[in-house]
Amino acid sequence: MNAAASTGWNREQMAARAAQDIPDGSYVNLGIGIPELVAKFVPEGREFIYHTENGMLGMGPPPAEEERDLDLMNAGKKYVTAVAGAAYFHHADSFSMIRGGHIDVCVLGTMQVAANGDIANWSTGAPGAIPAVGGAMDLVQGVKKIYVITQHTTKTGDPKLVEHCSYPLTGPGVVSRIYTDLAVVDVTPAGFRVVELAPGITFAEVEEKTGAQILPPG
Amino acid sequence: MINKQVSSVASAVADIPDGATVMVGGFGASGSPIELIHALIDHGAKDLTVINNNTGNGEVGLAALIGNRQVRKMICSFPRSSQSKVFPELYKEGLIELELVPQGTLAERIRAAGAGIPAFFTPTTVGTVLAEGKETRDFDGRPYVMEPWLKADFALIKCETADPVGNLTYNKTARNFNPLMCMAATTTIVQTRKLVKSGDIDPEHVITPGIFVNRVVEVSDPVHEDTLIAEGRRYP
């Protein structure tokens, strides 16, 4: 390992860390981006069943290009496969699983998450931007546990863990836990609390890069 | 004998008038009734309100209908994607309206219309800008937003197998919004890859019962949006 890789977690390591917290037998919905990587890091001895909003339980990995089925896609419009025991259903049933509280865990990316669990991941609210919400507002309100995987700061170094979201909310007070490149952070009644620091990362560094009060581990 | 079969996609859509509200099945490319949409382009009805999860891709199918300036308003959850350019350009110029509806709310509003339920309450959008101006009510101490049913004059549907009374089956994730839209439109028009005789679909396997279907047209080798886009095609 080189020096850069020895501090903090990379995308795969963030996803692998999140996978550790998902119990065996969970019904799981993974958002687009880093959350999709969670499926590569299912801990030994556990099985997760993946839900995709466009109507399937038992979603499997992407197929080889020559084995693509044009009628078998995920919510990110990518070609996928179906595992043994999969089921297909229409959109109202799919969102009944979400809104009816039947999905155990949803792992999402985000633009901002606040110390009270508010999440903003659908729109910057910029004038002229075309708003697009998809199923994000349904997921954050209906799934039992909402986990977020995100870089701790934006590309320009602004904190993504903030006191109040400046972007329009996807949902208020819904996030339980956040996995960043620097730490695992819980949303508690007292605000953010570090659960675990990534290798080579100090609490002081996390505190400096967080846009809200954050409590140390313990 | 009931026989809902019609002879062509052109005759299937021929009575869709200007100003109609039209549901179009599919989620992205999957389950999109491309041949019916292209027939609607040929037919030329305009000033349409179209309900779909997205706004089409490339310059075929739904995107081509929008690009042909036949659509006044889109009702959808996700109006842009990596391959959508027609809608974004018209929207930025103020030439098309958008009603943005969260995906689960969109599905449930359509289902509610088909089930005769004029409105329902959902936690989706509570505390967000999309709930502004909507009635909210507490149930068991938690706030919910009221959402109205969503009906249409016509639905354009793609399925895998149909029989002459309109019983339908679908293929994998091409099912998506199609069964809901069948229920919510006054006139439901279906293109099917296979038209079989009555009795050839096991009643246990019927996904959409024929009562929700008005017209069936066989399109035995349907084109797929992703294939057309990969080939650089446009319509007309």
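How many residues of chain A are in contact with how many residues of chain B? I looked this up before anything else, and found 32 residues of chain A in contact with 38 residues of chain B, contact meaning that the C-beta atoms of two residues, placed from the backbone, lie within 7 Å.

Notes on the model. I am working with a predicted model, in which local features need pLDDT of at least 70 and side-chain atom pairs count only at pLDDT 80 or more, while totals for chains, interfaces and linings use all residues. Residues are numbered from 1 along each chain as its sequence is written, and chains are lettered from A and ligands numbered from 1 in the order in which they are written.

Entry on the interface. On the side of chain A that touches chain B, I find that helix 2 (91-99) and helix 3 (136-142) of chain A are the elements giving two or more residues, where helices (H or I, at least four residues) and strands (E, at least two) are DSSP runs numbered from the N terminus. Helix 2 of chain A provides the largest share of that side, five residues.

Entry on chain B as a whole. I count seven helices and eleven strands in chain B. Its C-alpha trace spans about 55 × 45 × 30 Å along the principal axes. Of the 236 residues in chain B, 53% are buried, that is, they have 20 or more other C-beta atoms within 10 Å of their own, with exposed set at 12 or fewer and partly exposed in between, C-beta atoms being placed from the backbone.

Entry on helix 5 of chain B. I checked the length of helix 5 (residues 103-115) of chain B, whose 13 residues should span 18 Å at 1.5 Å a residue, and the end C-alpha atoms are 18 Å apart, which agrees; the expected span is 1.5 Å times one less than the number of residues. Twelve of the 13 residues of this helix are buried, so it is largely enclosed by the rest of the structure; among them are Leu106(B), Glu108(B), Arg109(B) and Ile110(B). I then traced what the buried residues pack against, and found helix 2 and helix 3 of chain A together with strand 5 (119-122), strand 7 (142-148) and helix 6 (178-184) of chain B. Just after helix 5 of chain B, I noted that Gly116(B) takes a positive phi of about 75 degrees.
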